[in-house]
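Let's walk through how two chains of this model meet. Have the structure open as you read.

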There are 4 protein chains.
Amino acid sequence: MPSVALSNESESQASEPLSQQYRQVRSQTMALVAPLTAEDMLLQSMPDASPTKWHLAHTTWFFETFLLQPHLSGYQPFDKAYQYLFNSYYDTVGERHPRPQRGLLSRPALTEVIAYREHVDAAMLQLLSEPAPDIAAAVTIGLHHEMQHQELIQTDIKHALSLNSYAQPKASPDRPDAANTATHDEPEFVCFAGGLVEVGTNAENGFAYDCEQPRHKVFVPEFSLCERLVTNAEWLEFIEDDGYKRPEFWLSDGWATVQEEHWRAPLYWHREGRQWFTRTQSQRLPVDPNAPVCHISYYEADAFARWRGCRLPTEFEWEHAASKLPLEGNFLESGVALPQSAQGAEGSLKQMFGDAWEWTQSPFLPYPGFTPPEGALSEYNGKFMANQWVLRGGSCATAKQQMRVSYRNFFYAHQRWQFSSLRLAK
Amino acid sequence: MPSVALSNESESQASEPLSQQYRQVRSQTMALVAPLTAEDMLLQSMPDASPTKWHLAHTTWFFETFLLQPHLSGYQPFDKAYQYLFNSYYDTVGERHPRPQRGLLSRPALTEVIAYREHVDAAMLQLLSEPAPDIAAAVTIGLHHEMQHQELIQTDIKHALSLNSYAQPKASPDRPDAANTATHDEPEFVCFAGGLVEVGTNAENGFAYDCEQPRHKVFVPEFSLCERLVTNAEWLEFIEDDGYKRPEFWLSDGWATVQEEHWRAPLYWHREGRQWFTRTQSQRLPVDPNAPVCHISYYEADAFARWRGCRLPTEFEWEHAASKLPLEGNFLESGVALPQSAQGAEGSLKQMFGDAWEWTQSPFLPYPGFTPPEGALSEYNGKFMANQWVLRGGSCATAKQQMRVSYRNFFYAHQRWQFSSLRLAK
Amino acid sequence: MPSVALSNESESQASEPLSQQYRQVRSQTMALVAPLTAEDMLLQSMPDASPTKWHLAHTTWFFETFLLQPHLSGYQPFDKAYQYLFNSYYDTVGERHPRPQRGLLSRPALTEVIAYREHVDAAMLQLLSEPAPDIAAAVTIGLHHEMQHQELIQTDIKHALSLNSYAQPKASPDRPDAANTATHDEPEFVCFAGGLVEVGTNAENGFAYDCEQPRHKVFVPEFSLCERLVTNAEWLEFIEDDGYKRPEFWLSDGWATVQEEHWRAPLYWHREGRQWFTRTQSQRLPVDPNAPVCHISYYEADAFARWRGCRLPTEFEWEHAASKLPLEGNFLESGVALPQSAQGAEGSLKQMFGDAWEWTQSPFLPYPGFTPPEGALSEYNGKFMANQWVLRGGSCATAKQQMRVSYRNFFYAHQRWQFSSLRLAK
Amino acid sequence: MPSVALSNESESQASEPLSQQYRQVRSQTMALVAPLTAEDMLLQSMPDASPTKWHLAHTTWFFETFLLQPHLSGYQPFDKAYQYLFNSYYDTVGERHPRPQRGLLSRPALTEVIAYREHVDAAMLQLLSEPAPDIAAAVTIGLHHEMQHQELIQTDIKHALSLNSYAQPKASPDRPDAANTATHDEPEFVCFAGGLVEVGTNAENGFAYDCEQPRHKVFVPEFSLCERLVTNAEWLEFIEDDGYKRPEFWLSDGWATVQEEHWRAPLYWHREGRQWFTRTQSQRLPVDPNAPVCHISYYEADAFARWRGCRLPTEFEWEHAASKLPLEGNFLESGVALPQSAQGAEGSLKQMFGDAWEWTQSPFLPYPGFTPPEGALSEYNGKFMANQWVLRGGSCATAKQQMRVSYRNFFYAHQRWQFSSLRLAK
């Protein structure tokens, strides 16, 4: 998304009035979709992904359903049919359009969905014009929900456009003689003493999802983390050492997936002559050997770690290590569409935030004492607490204000279309 | 497509200059898509169907590939990538975009595809400006090819929009007390003596596809045909007599399909209270009891005939019976989006042309001496001569000039999204 | 089945008392399974195939259901549960055990199924001891039904054992230097004048299935048939000419199947060094270049014919050509488990009967005036008259007395586990 | 397996000579299969399950491969082909027969597999006749491996026979008027203080698998466990409260599975009139309301717990609570084929061992510092550490000597054919 200039307002946002935050997040979404046509925004390339237009409507539906209808007296829904069309998975709210058929919603048109956004925005700003502390929590969830969808908008359309050979210009003249050679040295590992540590949050100083709560103790043995993410150059070594062909590195389910899907490299990689290429949403680029590997599954991350004689960190190790670091990194606001090579002092932890999500070896489970909210929002996180794995730290497609040290993202082990990478642990 | 006013020029078309025929067919295609948005035209609801935009481009590709590139000196292709994108199934021409992913071609945009049509139209009219008898045959194939896709444009978008609850307004106020009651009497059967008859054509008096050739003899025993198509009222009797639940009426493959697909009525039918509804591309309408049943599979047609103690006609019986009739009926040009009730003298064959395709009990096979053309067009019909069944007579979505008494349409026995119906035989 | 010595009584059988025919057919079945263990007889390797034990029971169920229960007063069923377990597809008779789970019927044990056969045999012989002309037709159907299952017993167990590497001894020492080289010359074609000919039968001189009836006229243009079946040597040429890799030879559905199934040679063929091997039920053997190719699908037969500039015969051409020939050939009784090279005068039709079934280009359809019998046996053939193709002539696994010039076998175009071959036509 | 009288020797076994342990475990396996025929022992009803005969051979292959071939000089393999046929999943050892086709191994015959067992047993006893401490660990693994397969033998054949209506006699006369009414009161919960506790083992006092090691600290907050397993009567309340129809109780993946699989009750349950029935391997029995529910998936266990306002325990809570209890319960040796109602003092933990495995909310993951053994046995547990859940405590099909407080069993969340149940936690 190189042409998108995103506001820097977000940094100071938490202290801003809610109405200003609302305006900023909502307009950031529209800035993201600016390079796309109405036809692009209808694409759904797999059931896991959704059309851009659907994301635009669903995030709006969220405010209409959970804020305007219960709290703004006299509010008239934009179109009653939208309740069915743009519900994602809230069984409590009612029936919904089948997920794999979201790409068939040519109607309502994009222009109508944009009018829907404007209708709901006007009503929301009216609702927010008078202080009402009892709705602030729901509004904030709505904004964080929208930021989550901002990332999905980017990863979903990237996937859809990747399947159209016509939408893949090369960024620059090929240099087929150029191998993807790295300039980095061997990375260092940073040691941590471990012990009985506290993780999670009670959300006393700001917003956090239910699944990050409550703050609680876990016992973490001594461990060490690699100072940076695994690079593309290291991944090329794994490929060249037949990493994708040797079952001894792989989990059993992972090895079965490698065979079925014919994986031989990260998603979006392909080779021409001696050179490997990857892609952004809009362009095909040579693989940068110094940048972090990206678009890999949990299975690949785990196999790579075993090949290197290491392992993935737990989410608690990661959180403990990250808890003292400043929340800085290559986020959405930087306008860079791929993870970048690590910058910073040698021997210090780098890239803990931003650039790419880090697979952990922790399944997504409830924390002790986890309580979902009452009502429909009880379905937000809790019902996904099986068979998925926690990723930490955010990516170059994540809005910075969405990130927290306690933030838990989660995906299935075979999924690769997110900006997912890994950091080695011992 | 009630709002589409189509030219009546087609009736006298065969004697017109080729360039005028070209203009007429090409503009008829654009008239058909006028009610659709760019988003609608991207929809692909199943691998059998294609997006409208793809049809617009593919029919244009046909002229570019088989006429302009070999025959117009100095012709510059509009975009070389289109050769890959818009090839349908011509292995001889080269690789192609995967059929089930045609709905992912948000790019090129609709506006570019329309520019492509205009580019090719200009070049074609240049090519056609000078008499060149050696290309007339290929141009005529291209026009008939485009008319075939005109019908597919209608059936494919009808299917796609049917899966979007938001695109299904009711045509008129409901009358839930109104059952779908017929006013017609029992139909009569018309007898034919049979014998050694000639079928097919040598295309001496105009265009015909390879699969209709050569004219040849077949022996047809005495037979009789019902004077009209089976009506919706008769189909409702079949439903009410548990026709979809009694295996004794069904072919083995058909019965398996009924179970798997949970068929209980023709495609697009659903019930509210006591009343059944169906739909056009744009509207939901009560089922007209006097109109022919439509959107049924071969399996359903065959089971209905067995339930009635009859059978389906062979394609040779149909052709023999039709060969003396005037080529008139409810075709695309009438602007009516569904088959209409039979009109005409009692005891005479009606609806042999237009309204709805008639399933025959004849598999689509080569005629004795069948020879496909040389080159890529050898793939036009011949390679589909297995597992499909012949339908005859055209439908309300067929351009009239496309129809001939020897015309052979063909689909798989389970397919229902065409305007397919049946006529009883004994 | 080289070790099975089958009775030669069958040749004169039609004139024998029905009870003697009954004994002969039933004991022939038991002779066929003699080399198999109880464990072998439980195998079901795909839904198309059935366990040997199930065949033994189902053929017995046929006599119990259609003869003993309606016609032998005081008959006590062996076990009422068998009616459910061993019904194949007769909806009229009632519910049945799911076809794909026939291999899970470890109980009743083989010994019980054999006792069932003996129980039914005793009762049948009692029934047949007194002349009762009204049951003769049903008994004869039962015997022909059992002979059909004799062939399936052979093809089904051959398939199942082929998936067990432990059950595939080599017949003789390998000669990896020996290519599969043919000694035959180019075959000749035999011409036929065609015209209005009669095919089918009215079963006046013996048994015939409903689908072979009635005798009727068809018009057959002039044609010629190859004097023998296509040989393995010819098939090797097709393979070496990239026949399996060139779409121009293939029907569209056939080409899709080749890709999905990764077909590169007939079923059961595999290559070691320069030599190709095939297998019988019990042994692995070098491919005999002079013997007919076998275990090919309709798609392969059709593609081979197109590669050779020929076509497959229609079933009417075949029947017309065969109608004057003596009904002789390499049948089950010869005890040879594979088709053998053609023997006979040059330029005369050979291998029309026995050796291997010949795919025709005729779909399996009702003859004009086809009437299925009343009752449950109406399901015998009629409901399969869609999507299958007629094969003619019988194979080395067919009992000779089962064969007639009007006999129509039928399978789906993708099926290969029968002894299926082809003869070229022009 | 009510008729199987198993030895009580196992109780004192750990102190016995290895050769005596070997004899006892191997003969216990043969006692288990005594009621089965050779045909039964070939059944494979789903890819998750294996034929009994395969289990008999595979456990023998384990000793041959890991003990006899490397350690007994002069050992002659029984049949070299068995290495391929009876390898389960050891990539390091080599290729293997495809898992879903184990049911096609009619050859080698059961008698040959029994001869294989005897051949290996003789060699093993020779190997064990001289003290060789360096092989004791591998022998012990082999014995525990065989005991694991003893349980699978029972669950796999139970599943296979359940699909054959002919193999399901009722145990006793029906009482269709008898509802499955419980006599138990509300159970009590037992509280535990939690804190920093130790779990796992260093295997200092006996055998343990790699995945149970090393002993390590975890922090466990205060918790309480229900004194007994959930009963069938309680499960009936869940069914009657529409537990299987209300998405609010279910994990998202679980709800999808309920829809796809049409689950309405535990595996093997079906209803006649007002009464529910379940089954053992050999008989159909009324559901005992006081006995623990069994054959449920993780999804069902989790949904039930949520319906009751409780949750599943973690494996660490379970292990901490169980660590002081005597290792007693309804194990395989009791000869009872289903879990039994809880016996013991009110308010004390019951059924912690035996009766039925207890699903925990803990995914199967490596303990901190987990190290798989060198060589092929590194594949024993480690590669399954993804997407599976830990079950604890053993079942009525588990050999008692196989059980330990640190024992971790693991299955996928959708699997139901094990003896799996649940205990509520808070």
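**Where chain A meets chain D**

Eight residue pairs, both partners at pLDDT 80 or more, make polar contacts across the interface of chain A and chain D (a polar contact is a pair of N or O atoms within 3.5 Å; within protein, one must be able to donate a hydrogen and the other to accept it, and residues adjacent in sequence count only if both atoms are side-chain atoms). Salt bridges between chain A and chain D come to zero, taking a side-chain nitrogen of Lys or Arg within 4 Å of a carboxyl oxygen of Asp or Glu as the rule.

A word on the ground rules: this is a predicted model, local features need pLDDT of at least 70, side-chain atom pairs count only at pLDDT 80 or more, and totals for chains, interfaces and linings use all residues. Residues are numbered from 1 along each chain as its sequence is written, chains are lettered from A in the order in which they are written, and side-chain values use heavy atoms, with hydrogens and water left out.

Now for the footprint: 26 residues of chain A are in contact with 26 of chain D, contact being heavy atoms within 4.5 Å. About 2,100 Å² is buried between chain A and chain D, with carbon and sulfur atoms giving 61% (buried area is the accessible area, 1.4 Å probe, that two parts lose on being put together, summed over both). F219(A), D253(A) and N387(A) supply 24% of what chain A buries against chain D, more than any other three residues.
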